Amino acid sequence: MTDQIPVRRALVSVYDKTGLEELARALVDAGVELVSTGSTAARIADAGLPVTPVEHVTEFPECLDGRVKTLHPRIHAGILADLRLPAHVAQLEELGVEPFQLVVVNLYPFAQTVASGAGADDVIEQIDIGGPSMVRAAAKNHASVAVLTSPEQYDDAIAAVRAGGFTLAQRRSLAASAFRHTATYDVHVASWMGNVVAPDDEGTGLPGWVGVTGTRTASLRYGENPHQSAALYVSDHGDGGLARARQIQGKEMSYNNYVDADAAWRAAHDFDEPAVAVIKHANPCGIAVGATIAEAHAKAHATDPLSAFGGVIAANGVITADAARSIEPIFTEVVVAPGYEPEALEILSAKKNLRVLEVAGGRGAAELRPISGGLLVQHADRLTAAGDDPAAWQLVAGDPADEATLRDLVFAWHACRSVKSNAILLARDGAAVGIGMGQVNRVDSCALAVQRAGQERARGAVAASDAFFPFPDGLETLIAAGVKAVVSPGGSVRDPEVIAAAQAGGITLYHTGARHFFH
C-alpha cells in the first residue's frame, strides 16, 4: 500500500512569484485544480491557465485592503481535514468543502521591509497573518497535505506530482521546513516589536527577549577535536559575515578554521588603514598596518614568523597580486578578505589546499555566548569608547609622545583589543613586535611579550595593556626591556605606584580610562 497522495487541488498564494508560472503550468498539466488569491491568481490567469479566485470558494470578498483573504472555514477546513479519518471526510461532504492536497505559500517580506528603513506602519502591513496560518495548518496536517514555502522546492514538487503525488516522507520533510520557515518569520516579527514598537530593554539597549534561528549549511568533519561532531549554521537574521563567506578554493573548512578565521576577521577590522592579522588558536601572532595590504602582511608576518606557520590570515582590503606573492610561500591554512584581484587568485591557486574565503560585511552589533542554562548577550566591543580617542588620553608620566610614537601607541591600543586577556602588545612602525596573551597574571604577559619581541625589537618599542597594571612589576618588566612609552586604561588602586615606576623609569605613560578585555 502506497503512502503517496495524488494532488487534485492546490491552494497557491505567494508574495515571491519566482517560478510561479512554471509551477502552475505543471500542476494544470497534471490535472490539478488551482485556487489562488489576488495578484497570484492574476499572474496565473495572465499565463493563460485556469484558476479559481479564492473569493469564489469562500463566497466572501477580499477585504480590509487585503488583510482578509483566506481566513475562512472553506479554506482552512480544506487544509486541516485529516483524510485518514472517516468523520473528517464525512464532515467535509456535509459542508460542501473540497480538500486541498497541496498548499503553496510564501510570506510577506517582513525582514526585508525592516532592513529597507521603512516606517512602522509600512512594516506592520508586512506582518503576514493569512500566510502563516495556511502554512502552519498544512504542515500540521502533513498526513494529508504537502506544503511548499520556497521557489527552491518547486522542481522537486513538480517531479513528485508527476510521479503520482507526495510520499509521507516528503510531506514530513516539507512540514518540518514549513514550521522552521514560520518560526524564523515570527522571530523576526517578535524581535522588531520588542526592539522598536515596544522596547523593553530597561535602558540597556538589550531586549527583554532574544530569539535566534539558524540554518545548517555544512556538516564539518569534526569539532574542536576529532571525537566531537560539528556543523556550520548560518544566521537567519541579517546578511554577510564569515558564515556566509564564499570559498573560492581549498580544502573544506574545519571548526577550528572558522574559529581562527573569525578572530582574524575581527582583528583586521579595527583599523581604517590597510591591515592584516595573522592568527593561531584565536590569538594574533602578527598584526600590522601599512600603505598597502602587501606591506601590512609582510610586517604582520615578521611579528612572529615561527608561530605564523599554519596560521590564518585576514585582511581588511582586497588581496592584490603583491599581497598574494607575500602570502604564497608561507604555509597558511586560510586567507580571508573582502576581495581578490584575479592575478592574486591565480598566484594563490598554486597552493591547492589553501582555503581562500571572500567575506562581505563586518561583524554584528551584538555578541552572544552560550553558557550552561542560558545565553550571555553583550554589545560588540568596538573602539568607540571615549577613552579610545587619543585626544582624550591622560598623560600621567613622562613627556608627551612625539607624533610617530603617538601613532604607534594608537596602533598598539587598537591591536591589543584582539589579544586574549591578559594582553600586552609591543609595537613599532605600525606593527606588533611582541605579543603576550592569555596569561593569568599581567606580569607574565609582559614577560612573554618582551621575550617574543627579543632584546633588539623591544628596545625603543611602545606597549599597550588591555587593562590596568595591578602592580608596578608588569610595567617595570617593560621598562627593563627598553620600552619607551606605554598606554593602558589605568584605574587600579595602585595607580600611584605604577605611575611612580613609570616616572622612575623615564618613560611616557598614558591612561585611557577605557578597557578592552577579550576572553
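**Exercise 1. Find which element gives the most to the lining of the second largest pocket, then describe that pocket.**

Solution. Start with the answer: α10 gives the most to this lining, with 6 residues. The model you're looking at is predicted, so local features need pLDDT of at least 70 and side-chain atom pairs count only at pLDDT 80 or more, while totals for chains, interfaces and linings use all residues. Residues are numbered from 1 along each chain as its sequence is written, and side-chain values use heavy atoms, with hydrogens and water left out.

Step 1: get the volume. The second largest pocket holds about 1000 Å³ of space. A pocket here is an open set of points on a 1 Å grid over the protein atoms alone, where a 1.4 Å probe fits, with protein on both sides within 12 Å along at least five of seven lines; lining residues have an atom within 4 Å of a point.

Step 2: look at the lining. It has 26 residues, and the closest to the pocket's centre are Thr149, Ser150, His181, Thr184 and Asp236.

Step 3: list the elements that give two or more residues to the lining. They are α6 (110-115), α10 and β6. Helices (H or I, at least four residues) and strands (E, at least two) are DSSP runs, numbered from the N terminus.

**Exercise 2. Work out which parts of the chain the salt bridge between arginine 9 and glutamate 33 ties together.**

Solution. A salt bridge is a side-chain nitrogen of Lys or Arg within 4 Å of a carboxyl oxygen of Asp or Glu. By this rule, the count is 12.

Step 1: check the distance. The closest N and O atoms of arginine 9 and glutamate 33 are 3.5 Å apart.

Step 2: place the two ends. Arginine 9 sits in strand β1 (residues 9-14) and glutamate 33 in strand β2 (residues 33-36), so the pair ties together parts that are 24 residues apart in sequence.

Step 3: ask how covered each one is. Buried means under 20% relative accessible area, exposed over 50%, and partly exposed in between (1.4 Å probe, protein chains only). Arginine 9, at 7%, is buried, whereas glutamate 33, at 35%, is partly exposed.

**Exercise 3. Do the same for glutamate 358 and arginine 246, then for glutamate 403 and arginine 407.**

Solution. Step 1: glutamate 358 and arginine 246 form a salt bridge at 3.2 Å, N to O. Glutamate 358 belongs to strand β13 (residues 355-358) and arginine 246 to strand β8 (residues 246-249), so this pair ties together parts 112 residues apart in sequence.

Step 2: check their cover. Glutamate 358 is partly exposed at 25%, and arginine 246 is partly exposed at 47%.

Step 3: turn to glutamate 403 and arginine 407, whose side chains meet at 3.8 Å, N to O. Both are in helix α16 (residues 403-416), 4 residues apart, so about one helical turn separates them. Glutamate 403 is exposed, at 64%.

Step 4: look for shared partners. Salt bridges that share partners join Asp270, Asp381 and Arg417 into one network.

**Exercise 4. Where are histidine 281 and aspartate 429, and what is the backbone doing there?**

Solution. Step 1: recall the background. Most residues other than glycine have a negative phi, and most peptide bonds are trans.

Step 2: take histidine 281. Its phi is positive, about 50°, although it's not a glycine. Histidine 281 lies in the loop between β9 (275-280) and β10 (283-289) and is exposed, at 67%.

Step 3: take aspartate 429. Its phi is near 55°, again a positive value in a residue other than glycine. Aspartate 429 is in the loop between β17 and β18 (431-436) and is exposed, at 59%.

Step 4: find the cis bond. The peptide bond from serine 421 to asparagine 422 is cis, with omega near -5°. Asparagine 422 is in the loop between α16 and β17 (424-428).

**Exercise 5. How far apart are the C-alpha centres of domain 1 and domain 3?**

Solution. Step 1: get the bounds, which come from an automatic or database domain assignment. That assignment gives domain 1 (4-195), domain 2 (247-358) and domain 3 (390-511).

Step 2: read off the distance. The C-alpha centres of domain 1 and domain 3 lie 63 Å apart.

Technical notes. Points joined across faces, edges and corners; volume = space filled by probe spheres on them.
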